[in-house]
Structures are given as structure tokens and as C-alpha cells.
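Colleague: Please show me the model, and then we can go through the helix packing, the sheet and the chains in turn.

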Amino acid sequence: MAILIDDKTKLLVQGATGHQGSFHTRLMSDYGTRIAAGVTPGRKGEEVNGVPIYNTVEEATQCHGPNAAILFIPAPFVKDAAFEAISAGLKLLVIITEHVPLHDAMEIMAYAEEKDVRVVGPNTFGIITPGKCKVGFMPGQIFEPGPVGLVSRSGTLSYEIAHNLCQEGHGITTSVGIGGDRVVGMNFVDILKEFEHDDETEAVALVGEIGGTAEEEAAEFIKTMDTPVVAYLAGKSAPVGKRMGHAGAIVERGRGNYASKKEALEEGGAAVAALPWEVPVLVGEHL
Amino acid sequence: MKLYEYMAKEVFQQYRIPVPRGRVAAEPHEAEEIARELGVPVVVKVQVLAGGRGKAGGVKFADNPREAKHVADELLKMEIHGYRVRRVLVEEKVDIDQEIYLGITIDPGDRCPILIASSHGGVSIEEVPDKHIVRERIPMQWGLYPYQVRAIAERMGLDGGLGRDFGNIAIALYRLFREKDAELTEINPLVVSGDQVLAADARLNVDDDSLFRHDLPDTEKLSEIEERVAEIGLSYVQLEGDVAVLANGAGATMATMDILQQYDSAAMNFLDVGGGAGVESMTEALRILADTGPRVLLVNIFGGITRCDDVAEAILRVQREGVLRDPLVVRLIGTNEEQGIDLLEEEGITAFRNLEDAARVAAGTPASGGAEED
């Protein structure tokens, strides 16, 4: 098992002919991901790394039956592309693009909910089930298979934690980046639910950061979980009122700060690591 | 992007949300003229993008044009929470019977807009007890319906004409929120004055990522460093410490700052070179950091899209330029780390693979040998 993606995933790449899209189509394919088809309007008949390109998601879906889509689409056009994928019946969307307008993201999520579609992102590095499938742009070689579920709001920090875990021999079932924006599809709670129901996941590492209340909501859910959770939070030293890169990473009027998140998570039963390299130590106690 | 009150009120007027009569002034004599035109006692308010201006003394009243000039002169010399006052808004003074709070923002948990209202307006909404706050989630597919605002008005005890006026303003505010791609729009206070309802203050923060489809004046005043960093498409936050940090990814950059703090040191800045930064922008980022004169410059890169050999190349370029006088601590791992570390070693720069070691050296807290904490 694993969550969201595995060796049965057949991926559709929207924006497969672009600079990032074509590069990562090749890398994902090299990793072992089954790429069904690509879509770029007006480029039907071309191929990218052996992957056939279609004008519309509808046609690509009819011909190849993909069950997940990844979007390498410029921000202004993400809403249209996401609606196209949802309308064509795709049930999992991974939106890599950053700087998607918040109102567009809200519309996408409303439509996705209506059609029972799971959306990961926007502004995510994607999902990886080590050794089986990667849907995103993370460096695959860092991630080893194993029993730890990893969920994060942040890309590079996720690599850091994955690296620390794998170095200590704790491999990963699936690693999910939920995205660094204020409006994202699946949140911590949604991913924790998936891990809780996954037979292979024996412990979860949750990588959060300041801003918003996603960690606090996760803490409430962790209370009900049987699977142990270890958390690491970035932004302890960040000043109030300054946005730290991510759209969500800002402490406003005392809300969403490190102390409140740490307290909530600990109250929920999660151990909170003070340093990245303490995560494998705390995870190890549960394996 | 935050709009000044006077700009937000111009937008409000386009949506037929009533605001007090008035205009913006950059000079004391302009304030005097506006007060004369209005012909009534006025309020003069500093136009800054910081909250809490009332408490900071940025709002003053004047009974006549000459007093308005005098008050404006004082206000235009002020600095509020680090913002220099460049303009004041001169408006008719409104008699206040009741102050209401009305705001619309984004609820990240439910991924939809949320309307927040309270009959206890005039103060920060965070200070109002929960039982006096009405919240209404607005589905993106359907928008805000009149029945919803009638129910909100009812719950707030606004009846008759006031309830109807409040409802119209709420509907207009939601339309504005959607059409202007707002992150937040707020009226605090929405004032009941006799039989009128007026937006005495106005706040409109537009989503930065939507600016490509709006034609708005640039209000953000960036510092010189922020300006240089913005030119290469990155973001910079000035902090209090003495270790300049260059890292990739917002989360990883914050974590690097936190680790320094853990070792009783502190970062001088937040500078995220993001994913896939090329040699050029990294070189410029390093130049900028070197120019700020830190005690130590710490480079922490976990290569994904970003390639370690590109980072090494950028470091060597800056070093050849001779601007890199500060001690440099480099941690490189991930994509092309071997090539990157080799490039640096050829020039006599040692790079760490381990973040803990690099952070300790940068903080001036050398490892006391072995795994003492395990």
C-alpha cells in the first residue's frame, strides 16, 4: 500500500511540452512513473520523451484512461486547466504551479469538492511513493521506501526531513507536499486520514510551519489517531507581521505562531522535534 | 497588496458603498482647502499601511479650515510604526450612533470566503468576544444571497431601514471582494449616523498573485535591499541578527533561522532563493547579502531543482569579485552535490554536507565532539 499514488497510477501531464513540464515528464518517467499522456492545446500529435500529446484532456482521457493529473501550467491558466481535468473525470489533481490567484484556487476547490476530486496543491513539490511512483519534481534519490508517512507544507524542508529519516534507516511510505499557499486542496487532516488507514504506514512525520491554523486542526485529528505522529515546525524565530516567503507563512496578531502550534500538537499527542535531525530519533521510538 | 484607506474608499464608491465626503491631501494647505469646501468640522487621518494608527495619534479632529491646516501639518510630520506619513485623508466628521464591524476574508480551512460581522465595531475584531461575532461562510458557486445578509442583520439587531442598508452594503462588499481578488476587505467601523449607514474606514488587501489582471497603483514601499532582491524575483525580510542566510525554499530558510537561534545565534535576514534559481540570480543574491556586512554568511542549499554546482559557481563568482569579505559557511547537499563541493574545494572553500555542522560553525558553537545529545 501507500497513499494517493502507487504503481497503478497512470499519469496525465497537463503542460507537458513546456520547459518545466517536459523536463519533469522525463524525470518522472525515468523514476518509473507510468505516464499515460500529455496535454497542450494546439500540440496534438507531438511526443515528449515518448509520451503522446493531445489538445484536450477529454481526448487524452478517452485514449489512455489516466487516473491522476499533474499540472505544469502557468498561474493565470491553472483554473481553466484544473476545471478541464475535473470535468473530464480525473479524480486526483496535483497542482505544481505557484502564484495561483487565491480566488482561482477557491473556485477549483469548490468544483473539486462537488465532483469528489482530490486536489494536492497548488504550490507543491508533489507526491512520491518511493520506489514506485513520483508525481512531482522532488529529487527521487533522497527517498527510500519504508514505514513512515511524511506530509509537509514545504518542499526543501521536506527533503531535509526525508534525508534525515532515510539516513537513519527509516524509509517512507508516501511523502506528500500539501502546498505552501493559503488555499490548498488536501490539508494535513485529509492526508493524516489517508495515512491512518494505510496498513504500511506505522508512523507519520508532519512538517508544518508558522501561519494559518492547519497544524492546530491537525492536532485535533491526531487525538483520534492510532498511528503515532512526530512533528517539526519551521518559523520559531520568525518575527510577527512579516511574511516569510510562503503565502501562508505569516504570524498575524498572535495567531498561527510557533508556540500555539507546538502546544496544540503536543496536546494532541504528537511529539514535536526542536531540530530537523531529532525527527528520526522521535520517529524511531515508535517503530 | 494593501491599498491606502483613500484608495479603498474610491473603490468602495464604485460599488455604491456610502463613505463620508472628503479627499486626500499631501500638503497642509490642501487640507485647509478641503475643509473649506466641506464647510463642516472634519477628521484628518494619516494614510499609512499599518494598523493601530488611532492609538498612535494618527487621527485628529478640526472644527475649521485653519485648524485642519494646523492638524494636517502635525500629522504629515509623523512616522507611524516605521511608516512615514505622506498623505492625510480629510473627511466630514460623522456623528456616531453605533459602530459595526463588517469584513470578508478567506477561510483557509473551508477554502471559501467568510463574512464576519459584529455589532461591536470600532475596535480590533480580535478583541470582540466570540458571542458578539457573526460568521457566514459563502460558497464560491453560489455567492452571497440577500436572505443570508437579512439573517445576519437580524442576528445583529439591525432592523428596518438600517438592516436593509447594511444588507446592501454587505452584498456590494462581497461583489467587490470577488471582482477585485481581495484577500481581505474590511469596514471598521461601519457607522450608523442618524438614518444613514457609512463606511468610516476602509480596508482592501488585494491578492498579490492576481495583480496581473488588475490595474492598481503600486503602494508598497520597499527598502533598498528589498528592491534589489525583488528585481531578481526573490523575497527578503530584514531581521535582527548578524548571520546572513541564503537558503532555498521558504520552509528550509525558516528552519535555518530557527537552528541558528537554537545555537544562541540569530539570522540577519530571510532570503529564499526558491526552487530552480539560476547562477545569475544566486550570484546577485550573494552580492546583496555580502553588502549588508554580516558577521558570517551562511549558505544552506538542499538541491532539488536547484543544482549544487550552480550554487558553487555563484559563490566562486562573488568571491572572484572580491566582495565576499565575511567568513563564509557553505552547506551543500542534493542534486549535483559532488560537482558543487569539488568546485568549491578547488578554490579552497570547504563545504559541509551536514546541516548541524554548518549551523554550529556559523553560530560560533563548534560541535563538542561526537553525538553528545543522542
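Colleague: At what angle do helix α3 (residues 78–87) and helix α4 (residues 102–114) of chain A pack?

Modeller: This is a predicted model, in which local features need pLDDT of at least 70 and side-chain atom pairs count only at pLDDT 80 or more, while totals for chains, interfaces and linings use all residues. Residues are numbered from 1 along each chain as its sequence is written, with chains lettered from A and ligands numbered from 1 in the order in which they are written. Helices (H or I, at least four residues) and strands (E, at least two) are DSSP runs, numbered from the N terminus; axes are lines fitted to C-alpha atoms, for helices over the stretch in contact, and angles run from 0 to 180 degrees between N-to-C directions. The axes of α3(A) and α4(A) are 9 Å apart, and the angle is about 5 degrees.

Colleague: What does that make α3(A) relative to α4(A)?

Modeller: Angles under 35 degrees count as roughly parallel, over 145 as roughly antiparallel, 65 to 115 as roughly perpendicular and the rest as oblique. The angle here is about 5 degrees. α3(A) is therefore, relative to α4(A), roughly parallel.

Colleague: How many residues of the contact of α3(A) with α4(A) are charged?

Modeller: Two residues are in contact if their C-beta atoms, placed from the backbone, lie within 7 Å. α3(A) contributes Val78(A), Lys79(A), Ala82(A), Phe83(A) and Ile86(A), and α4(A) contributes Asp104(A), Glu107(A), Ile108(A), Tyr111(A) and Ala112(A). Ala, Val, Leu, Ile, Met, Phe, Trp, Tyr, Cys and Pro count as nonpolar, Asp, Glu, Lys and Arg as charged, and the others, Gly among them, as polar. The contact thus has seven nonpolar residues, no polar ones, and charged residues numbering three.

Colleague: Which strands are the edges of the open sheet in chain A?

Modeller: Strands pair if DSSP finds at least two bridges between them. The sheet has seven strands with mixed pairing, in the order β3-β4-β2-β1-β5-β6-β7 (chain A). The strands that pair on one side only are β3 (47–48) and β7 (118–120) of chain A.

Colleague: Which residue stands opposite Val13(A) in β2(A)?

Modeller: Strand β1 (residues 10–14) and strand β2 (residues 34–39) of chain A run parallel and are joined by five bridges. Opposite Val13(A) in β2(A) stands Gly38(A).

Colleague: What angle does helix α1 (residues 19–31) of chain A make with β2(A)?

Modeller: α1(A) packs on the sheet and touches β1, β2, β3 and β4 (51–54) of chain A. Its direction makes with that of β2(A) an angle of about 165 degrees.

Colleague: Which element gives the most to the side of chain B that touches chain A?

Modeller: In the contact between the chains, 44 residues of chain B meet 45 residues of chain A. Two or more residues come from each of β13 (235–238), α7 (250–262), β15 (269–272) and α11 (355–363) of chain B. With eleven residues, the element that gives the most is α7(B).

Colleague: What is the radius of gyration of chain B?

Modeller: Chain B has eleven helices and 18 strands, and its C-alpha trace spans about 80 × 50 × 40 Å along its principal axes. The radius is taken over C-alpha atoms, and the globule rule is 2.2 Å times the number of residues to the power 0.38. For 374 residues the rule gives 21 Å, so chain B is more spread out than a compact globule, with a radius of gyration of 26 Å.

Colleague: And what is the radius of gyration of chain A?

Modeller: Chain A has nine helices and 14 strands. A compact globule of 287 residues would have a value near 19 Å, which agrees with that of chain A, 18 Å.
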